[in-house]
Amino acid sequence: MDKLKLALIGCGKLNEIVAKALKDGYLPEYELVAVMGKDYDRTKAFAEHHGCMPCADINELMASKPDFVAEAASVKSIQDFSETVLNGSSNLVVLSIGAFADQEFYERVKNTAARNNRRVYIASGAVGGFDILRTAALMSPITASISAQKAPGSLHHSPLYKDGLLEITKREQVFTGTTKEAIAILPTKVNVAVATALASAGPENTMMNIDAVPGFEGDEYKIEIQGEEIRTELNIYSKTSKVAAWSVVAVLQNAVSPIVF
């Protein structure tokens with residue numbers, strides 16, 4: 001059987017994990033055919049290491065006729081390239097889910113996928129439990145919230161940073177609002193919150209709180225769902241961002257598996 005062609009958008013450490021997982025036999029149904037990155041020299045080095053074609057732009061990437069394109073780059077990359085990928089008859093795996101906090105854009109991408117008989121796979125990143133979140137949302141109207149703990153240093157170059165934050169000695173709330181508002185000011189740090197919102201009450205109706213916690217390492221999320229007949233609490237801690245890359249590998253496995261979890 002011919003292998004499915006896989007192309008990557010982004011050549012950083014996350015897609016490095018995806019490419020290595022393929023090389024190590026986790027994705028035997030796929031072959032890596034192309035990669036596109038922001039820095040072409042880095043893209044060429046990535047491509048040479050993993051035996052695929054380096055691409056300077058999205059048209060060159062799509063010329064490789066991939067069956068799947070996996071993104072691990074940025075919200076802007078999804079905004080700029082997702083419709084081109086779907087119109088090029090490829091399925092799309094998305095990590096930068098924050099792009100879909102824009103409801104109009106989300107609907108446009110969904111319609112483009114449907115028109116081309118393609119699918120957009122939303123990788124879980126550092127959270128999970130999408131099955132129970134979607135099930136609860138189907139049963140009855142729900143309220144949803146997500147609380148996040150982050151190290152003060154991880155917010156240093158964000159709009160949430162303020163003088164003295166690195167010296168705090170106890171937990172301090174630095175943001176409260178909707179997930180749509182959160183992604184607007186933290187486009188690279190709360191993709192998981194938007195994924196949770198899309199699977200449950202929606203980005204405009206899912207509240208988010210972010211606390212800076214001194215001495216904390218990694219990310220921790222608490223998701224709470226309340227409906228008429230069901231209540232769910234999910235607690236997820238991840239020490240590194242590697243879990244996001246492995247969630248892409250899991251999506252690619254599920255896409256071809258006869259048994260889907």
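Leaving aside its neighbours within four places in sequence, which residues is tyrosine 221 in contact with? In the predicted model described here, tyrosine 221 touches Ala126, Val127, Ile146, Ser147, Ala148, Lys150, Lys189, Val192, Met208, Leu234, Asn235 and Ile236. Tyrosine 221 is also listed, together with Leu61, Val69, Val190, Met208 and Ile210, among the residues with the most contacts inside the largest nonpolar core, a set of 56 residues. The largest share of this core, five residues, is contributed by helix 8, which spans residues 191–199. A second core, separate from the former, comprises 29 residues, including Leu6, Leu14, Tyr30 and Ala245. In soluble globular proteins, nonpolar side chains tend to be buried together.

Strand pairing was examined next. Six strands form an open sheet in the order 3-2-1-4-5-6, with parallel pairing. Its edges are occupied by strand 3 (53–55) and strand 6 (120–122), each of which pairs on one side only, and the twist from one strand to the next averages 25°. Within this sheet, strand 1 (residues 4–9) is joined to strand 2 (residues 30–36) by six bridges in the parallel sense, and lysine 5 has glutamate 31 of strand 2 as its bridge partner.

Pairing is also found for strand 7, which covers residues 143–150 and is matched in the antiparallel sense with strand 10 (residues 219–226) over eight bridges. In this pairing, alanine 144 stands opposite isoleucine 225 of strand 10. Strand 7 is further connected to strand 9 (residues 206–212) through seven bridges, and these two strands run parallel; here serine 145 stands opposite methionine 207 of strand 9. In a regular strand the side chains alternate between the two faces of the sheet.

Charged side chains were considered last. Side chains of opposite charge can pair when their charged atoms come close. A search of the whole structure returns ten salt bridges, among them one between the side chains of arginine 108 and glutamate 83, with an N to O distance of 3.1 Å. Because arginine 108 belongs to helix 5 (residues 103–115) and glutamate 83 to helix 4 (residues 75–87), this pair ties together parts of the chain that are 25 residues apart in sequence. Arginine 108 is partly exposed, its relative accessible area being 38%, and glutamate 83 is likewise partly exposed, with a value of 21%.

The side chains of lysine 150 and aspartate 219 also meet in a salt bridge, at 2.9 Å from N to O. Lysine 150 lies in strand 7 and aspartate 219 in strand 10, so that this salt bridge ties together parts 69 residues apart in sequence, and it accompanies the antiparallel pairing of strands 7 and 10 described above. Lysine 150 is buried, with a relative accessible area of 3%, whereas aspartate 219 is partly exposed, at 23%. Lysine 150 is, in addition, one of the residues in contact with tyrosine 221.

A further salt bridge is formed by the side chains of lysine 180 and glutamate 204, with an N to O distance of 3.0 Å. This pair links distant parts of the chain, 24 residues apart, with lysine 180 placed in helix 7 (residues 179–185) and glutamate 204 in the loop between helix 8 and strand 9. Lysine 180 is partly exposed, and its relative accessible area is 33%.

Technical notes: Residues numbered from 1 in each chain as written. Predicted model: local features only at pLDDT ≥ 70, side-chain atom pairs only at ≥ 80, totals over all residues. Heavy atoms only, no water. Pairing = 2+ DSSP bridges. Helix = DSSP H or I, 4+ residues; strand = E, 2+ residues; numbered from the N terminus. Axes fitted to C-alpha atoms, helices over the stretch in contact; angles between N-to-C directions. Core = buried A, V, L, I, M, F, W, Y, C linked by side-chain atoms within 4.5 Å. Buried < 20%, exposed > 50% of the residue type's maximum accessible area, 1.4 Å probe, protein only. Contact = heavy atoms within 4.5 Å. Salt bridge = Lys/Arg side-chain N within 4 Å of Asp/Glu carboxyl O.
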